[in-house]
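Walk through this model with one strand as the guide. Start with its pairing, then turn to its side chains and what they pack against.

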Amino acid sequence: MDGTATEVMTHPTCMIVEDQMLIGLALEAYLEENGFDVAGPFPSKEKALRWLRTGAPDLALLDIMLADGHCLDLARELKRRGIPFALYSALPPTADMPSELRGVPWLEKPIDRQAVLRTLEELLSPVS
């Protein structure tokens, strides 16, 4: 930077939806340390959907089962807006999963944080 222009640093915003607060806060800290801005963590789909009325993340990390039920309404809204997301759950993927969750990266807890970071970076990479 030569001092005459202002350099703007942009960080992608990742929405975290996780009802176990310690897990959500740990993910938040890790992602912030690795260059992300974080929205959340939101413990329920209702709170996440309320935030989405005015907020727009670049991507999201969703737990399947939340304090107020499953994340399908949230997944539907993210897909409708074209916002990529990954699932972060202790539940394994199943063959009969709802269409909103098919083709979405699935991170099964517990998982190495580097794997979470790699998955999120892949979601942000343009498709060639």
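In this predicted model, strands E1 and E2 run parallel and are paired over 4 bridges. Within that pairing, Cys 14 has Val 38 of E2 as its bridge partner. The connection from E1 to E2 passes through helix H1, residues 21-33. This β-α-β crossover is right-handed.

E1 also pairs with E3. Again the sense is parallel, with 4 bridges. Here Cys 14 stands opposite Leu 59 of E3.

Now look at burial. 5 of the 5 residues of E1 are buried, so the strand is largely enclosed by the rest of the structure. In a regular strand, side chains alternate between the two faces of the sheet. In E1, Thr 13, Met 15 and Val 17 point one way. Cys 14 and Ile 16 point the other way.

What do these side chains join? Met 15 and Val 17 belong to the largest nonpolar core, which has 21 residues. They are among the members that touch the most others, along with Val 17's fellow core residues Leu 62, Leu 78, Phe 85, Leu 87 and Leu 101. E1 (13-17), E2 (37-42), H2 (45-52), E3 (59-62), H3 (72-81) and E6 (85-89) each supply at least two residues of this core. H3 gives the largest share, 4 residues.

Apart from this core lies another, of 15 residues. Its members include Cys 14, Leu 31, Tyr 88 and Leu 120.

Finally, take Val 17 alone. Beyond its neighbours within four places in sequence, Val 17 is in contact with Phe 42, Ser 44, Ala 48, Leu 61, Leu 62, Asp 63, Leu 66 and Leu 74.

Notes
Residues numbered from 1 in each chain as written. Predicted model: local features only at pLDDT ≥ 70, side-chain atom pairs only at ≥ 80, totals over all residues. Heavy atoms only, no water. Core = buried A, V, L, I, M, F, W, Y, C linked by side-chain atoms within 4.5 Å. Buried < 20%, exposed > 50% of the residue type's maximum accessible area, 1.4 Å probe, protein only. Contact = heavy atoms within 4.5 Å. Pairing = 2+ DSSP bridges. Right-handed = clockwise from strand over helix to strand, strands pointing away.
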